[in-house]
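Me: I'm new to this one. Can you walk me through it?

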Amino acid sequence: MHISSSAKQVNFIKKKITCLLIVCTLFYSCHTKTANSSWEHYKGSEKSIHYSSLTQVDTLNVKQLQVAWEYHTGDADTANYSQIQCNPVIIGDVLYGISPKMKLFAIDAATGKEKWQFNPFDTLNSDKKFFMVNNCRGVAYWNDGNNDKRIYYTAGAYLWCIDALTGKKIQSFADSGKLDLHEGLGESAKDLFVSATSPGVIFNDLIIMGTRVNESPQAAPGHIRAFNLHTGKLQWIFHTIPQPGEYGFDSWEDPKAYLYTGGANAWGGISLDKERGMVFACTGSSNWDWYGGRRKGNNLFADCLLALDAATGKRIWHFQDIHHDVWDRDLPSSPALITVNKNGKQTDAVAITTKTGFLFLFERTTGKPIYDIIEKPVPANSDLTGEQLSPTQPYPVKPAPFMRQQITEKDLNTLLPDSSYADVKKRWSMYKTDHMYNPPSLQGTLEFPGLDGGAEWGGPSFDPQTGILYINANEMAWIVKAKAIEITIPLHENMAQAGERLYQSNCMSCHGGDRKGSNSFPSLLNIQTKYSPSAFDTLIQSGRRMMPSFKQMPEPQRKAIASFILNITSEKKNPFTDTIFKKDDPFNLPYSVTGITKFLTGNGLPAISPPWGTLNAINVNTGEYVWKNALGNDPDFPDSKTPTGTENYGASVVTAGGLLFIAATKDGRMRAFNKRNGALLWEVKLPAAAFATPAVYELNGKQYLVIACGGGKMKTTSGDSYVAFTLPGR
């Protein structure tokens, strides 16, 4: 068939137009945001799944990653082991993060060049208010679609509202840009410690907040609250410790428990299903952590996964992971909102990872378990008078635990020299060791899984492409030993004796009966060379990092503790001579613990065998494991023939490029694994250990990976930098 030249020309033009349309479509798709291609939220999205759909960095080129920039905040505190646990957010071309001393900063996400810093100390010092240097793991971002762009974050006891463009306070929010997080908790909590380690989540005109509270006998309640993000006005409150007439009130044997019980707080963060208008939160234990004789019952809503109406705070459903917790086994992170394809049926679900090494999965709208959960008998007897344990605890049928749940003799560390091993074996035989639900005891209980998990605050990553959930876990045993406390004040005690008694009630559980501290808490011996009496009194009232404030403690009691710890001999008068504690005072408990310390050798090495940290890949569609690796290498065991794993804090990020990125380890490295088979593809030494979660983002056609390198945990050197990696030549 003959085709004219003009017709050929038309066909040629049509083909060119078609090709041009294809190229334009591809260009648009590569340069337009798709789901999970940015990092505008803590943990990557409101669903808390740590997932990035970016593919530029993949299994073939990941080894080419190199440092793009490093930003120094300039305020690391190496003497006091400062940390950065922040997962930054990237809004357009700006990265927002937190420094070791709680400064909020904005930097160019392509170069690391600073735009501004906001220092909350400036305001608080001018107000002459005590300020706690807490850890802040992220920020929340909001904008009105125009020029009103805001960052919300917590420093001390305040939620701050900061102009994202200038770093200045939004004066119209609450009290000139700051909201006191005691708001709505009642008069009895006004002087108690309240802060927040995790950012709030924004729904419509609300910012919904969880909190961190004290873990001593006297603590603020952990009620979940929503505030108007324009004015700071309280909009709704969900009582995590139910009040009369509310669901769960009868789970407390004492009808007045809500008046004096604290805790049950959502310190790990909150996740949002925006389409359904639902928020999901996990709560911690109620106070006091180690003895429940004054809070008998199952204690709702402590240790619970909560599904709430985001607009009203009304309970939709809940699940309690631990009944009557006396192990400090808080649910440690925000729930992951995932999708499960089980037996060909696709279901929106919620996943929670626990300190005990369990993964629980639930249908998102109903709370029905994806895999069956059964109540199993557990040790129900305690040698602490007045304690009343739950006879059962919930166990999921699937998946299997992602860590060991009991330490037997064969689990003791054979990598130790013979003399150390013999000492470890002798000490192990002295403790209760036969069940993970053995309660604290006078002889001492080996708590495993330990206080920091299992799972911890980093939380899991989820890959919607494959249905695989990834969780890094700790495997470290702790020792909890109870001690009876005198609940009446002896007549004629002197100042130092009063201080010692108060120390045992308020401080001993962290710093130990010998005041030598532990890996997590510093020694208090000879600190009079570091603190004057006035500086020590300020520390008690303000708190610092792991140490909460004790502002509610009367001045005479603070002076007595200072007299004991600082060895002050000039003050002899006892301010309590004519005072007797009431035996029914709910804050005056008959037991404390002599310390919560890791099970280590005399020179600080793990007493149990490796792995001490693992990385686990679980297919949620089948409940089966895909792979499991030791995570990291302990530098104290350089001759180990296999990876030892280390304790790890922070979490991973999974990408559509086939990778799983994670730092988190004691050895101070960032690693990339093949997400499908767990093969280690890349690792790099960081300027300081990174106990934080990385962020992945794209800018100007380049994919970046950024991590906060703050060190400070497990006796690692503190750092002050954020480091970004990218591929060369892009």
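Me: At what angle do helix α7 and helix α8 pack?

Reply: This is a predicted model. In it, α7 (residues 533-542) and α8 (residues 555-565) pack at an angle of about 120°. Their axes are 10 Å apart.

Me: What does that make α7 relative to α8?

Reply: Oblique, because the angle falls outside the ranges for roughly parallel, antiparallel or perpendicular. The crossing of α7 past α8 is right-handed.

Me: Which residues meet there?

Reply: From α7, they are Phe-536, Asp-537, Ile-540 and Gln-541. From α8, they are Arg-558, Ile-561, Ala-562 and Ile-565. By type, the contact has five nonpolar residues, one polar and two charged.

Me: Which residues of α7 are buried?

Reply: Phe-536, Asp-537, Leu-539, Ile-540, Gln-541 and Ser-542. The buried residues of α7 pack against α8.

Me: And what comes just after α7?

Reply: Gly-543, with a positive phi of about 75°.

Me: New topic. How many residues are in the largest nonpolar core?

Reply: It has 63. Ile-338, Leu-361, Leu-446 and Phe-599 touch the most other members. Strand β28 (residues 468-474) gives the largest share, five residues.

Me: What does Ile-338 touch?

Reply: Leaving out residues up to four places away in sequence, Ile-338 touches Ile-49, Thr-347, Asp-348, Ala-349, Ala-351, Leu-361, Arg-364, Phe-462 and Val-620.

Me: How many residues does the other core have?

Reply: That core has 62 residues and lies apart from the largest one. Among them are Ala-157, Val-653, Ala-663 and Ala-708.

Note on methods:
Residues are numbered from 1 along each chain as its sequence is written. This is a predicted model: local features need pLDDT of at least 70, side-chain atom pairs count only at pLDDT 80 or more; totals for chains, interfaces and linings use all residues. Side-chain values use heavy atoms; hydrogens and water are left out. A nonpolar core is a set of buried Ala, Val, Leu, Ile, Met, Phe, Trp, Tyr and Cys residues joined through side-chain atoms within 4.5 Å. Buried means under 20% relative accessible area, exposed over 50%, partly exposed in between (1.4 Å probe, protein chains only). Helices (H or I, at least four residues) and strands (E, at least two) are DSSP runs, numbered from the N terminus. Contact means heavy atoms within 4.5 Å. Axes are lines fitted to C-alpha atoms, for helices over the stretch in contact, and angles run from 0 to 180 degrees between N-to-C directions. Angles under 35 degrees count as roughly parallel, over 145 as roughly antiparallel, 65 to 115 as roughly perpendicular and the rest as oblique. A crossing is left-handed if the near helix is turned anticlockwise from the far one by less than a right angle, and right-handed if clockwise. Ala, Val, Leu, Ile, Met, Phe, Trp, Tyr, Cys and Pro count as nonpolar, Asp, Glu, Lys and Arg as charged, and the others, Gly among them, as polar.
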